[in-house]
Amino acid sequence: MKTLEIIGFKRANLDSAALNEIRDSGNVPCVVYGPGIPEQIHFYSPIILFRDLIYTPEVHLVELNIEGTIVKAVLKEAQFHPVSEVLLHADFMAYTEKKAIKFEIPVKVTGSSPGIAKGGKLEFKTRKLKVKGIAANFPDFITVDISDLDLGKSFKVSELKPEGFEILTSPNVSLVTIGIPRALRGKKGE
């Protein structure tokens, strides 16, 4: 899995006036916590560094460089302004190489479906899967091969064979479905 570096600067003042000042200067207030560090660290980072982490379908492990202290982490939560959708706050969870963590990994579709060739439409039901495992074992994405999907058929989580990690999403959840268009539904009834 890819790793992205984010440079941060510690902050001591945690009141709302200080947070607004940090945001006004083009930075994002952040916090990192978890089993990978002895105590949580409050810091801020330039908002431009989050572009490749948040505004992409890919997922990344994060290497936080907080004034020279390196912390391996994953983005746990990002909060956005309700109107302008500007990033307001980011929470990171520090991890260790030995302890399993929970994470979300995107789904990537491969293959050519006979159902799509007949006029069906590929419908994504789930774009990310919840997984648990050692961070080093996580793939960049989980591949779903739709080569055997005909009209009206689905690919479920139970059909995946993960290696090195556990899928927490229910096995009954459909990942993708080949939808039957209305025009084809009428022809089937004739």
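Which residues does Leu149 touch, not counting residues up to four places away in sequence? Keep that in mind as we start. One caution: this is a predicted model.

Here is the reply. Leu149 touches Ser113, Pro114, Gly115, Ser154, Phe155, Val176 and Ile178. Now find Leu149 on the screen. It sits in the loop between β10 and β11, and β11 covers 154-156. Is Leu149 buried or exposed? Its relative accessible area is 6%. The cut-off for buried is under 20%, so Leu149 counts as buried. Look at Ser112 as well. Leu149 and Ser112 are 37 residues apart in sequence. In space, C-alpha to C-alpha, they are 8.7 Å apart.

Next, the cores. The largest nonpolar core has 26 residues. Which of them touch the most other members? Those are Leu129, Val131, Val144, Leu160 and Leu175. Several strands feed this core. At least two residues each come from β7 (101-110), β9 (128-133), β10 (142-145), β12 (165-167) and β13 (174-179). β7 gives the most, with 4 residues. There is also a second, separate core. That one has 20 residues, including Ile6, Val62, Leu64 and Val71.

Back to Val131 for a moment. Set aside its neighbours within four places in sequence. Val131 is then in contact with Ile101, Lys102, Phe103, Ile105 and Phe138, among others. The list goes on with Ile142, Phe165, Glu166, Ile167 and Leu168.

Now the sheet. How many strands form this open sheet, and in what order? There are 4, running β10-β7-β9-β12, with mixed pairing. β10 and β12 are the edge strands, and each pairs on one side only. Neighbouring strands are turned against each other by 40 degrees on average, direction ignored. Zoom in on β9 and β12. They pair in the antiparallel sense, over 3 bridges. Gly133 stands opposite Phe165 in β12.

Last stop, the largest pocket. Its volume is about 430 Å³. What lines it? There are 16 lining residues. Nearest the centre lie Val59, Leu75, Phe103, Glu104 and Lys128. Four elements each supply at least two residues of the lining: α2 (51-54), β5 (69-80), β7 and β9.

Notice what recurs. β7 and β9 each supply residues to the largest core. Both strands belong to the open sheet. Both also help line the largest pocket. Phe103 shows up twice too: in contact with Val131, and among the lining residues nearest the pocket centre.

Definitions and conventions
Residues are numbered from 1 along each chain as its sequence is written. This is a predicted model: local features need pLDDT of at least 70, side-chain atom pairs count only at pLDDT 80 or more; totals for chains, interfaces and linings use all residues. Side-chain values use heavy atoms; hydrogens and water are left out. A nonpolar core is a set of buried Ala, Val, Leu, Ile, Met, Phe, Trp, Tyr and Cys residues joined through side-chain atoms within 4.5 Å. Buried means under 20% relative accessible area, exposed over 50%, partly exposed in between (1.4 Å probe, protein chains only). Contact means heavy atoms within 4.5 Å. Two strands pair if DSSP finds at least two bridges between them. Axes are lines fitted to C-alpha atoms, for helices over the stretch in contact, and angles run from 0 to 180 degrees between N-to-C directions. On a 1 Å grid over the protein atoms alone, a cavity is a set of points where a 1.4 Å probe fits but cannot get out, and a pocket is an open set with protein on both sides within 12 Å along at least five of seven lines; lining residues have an atom within 4 Å of a point. Grid points are joined across faces, edges and corners, and a volume is the space filled by probe spheres set on the points.
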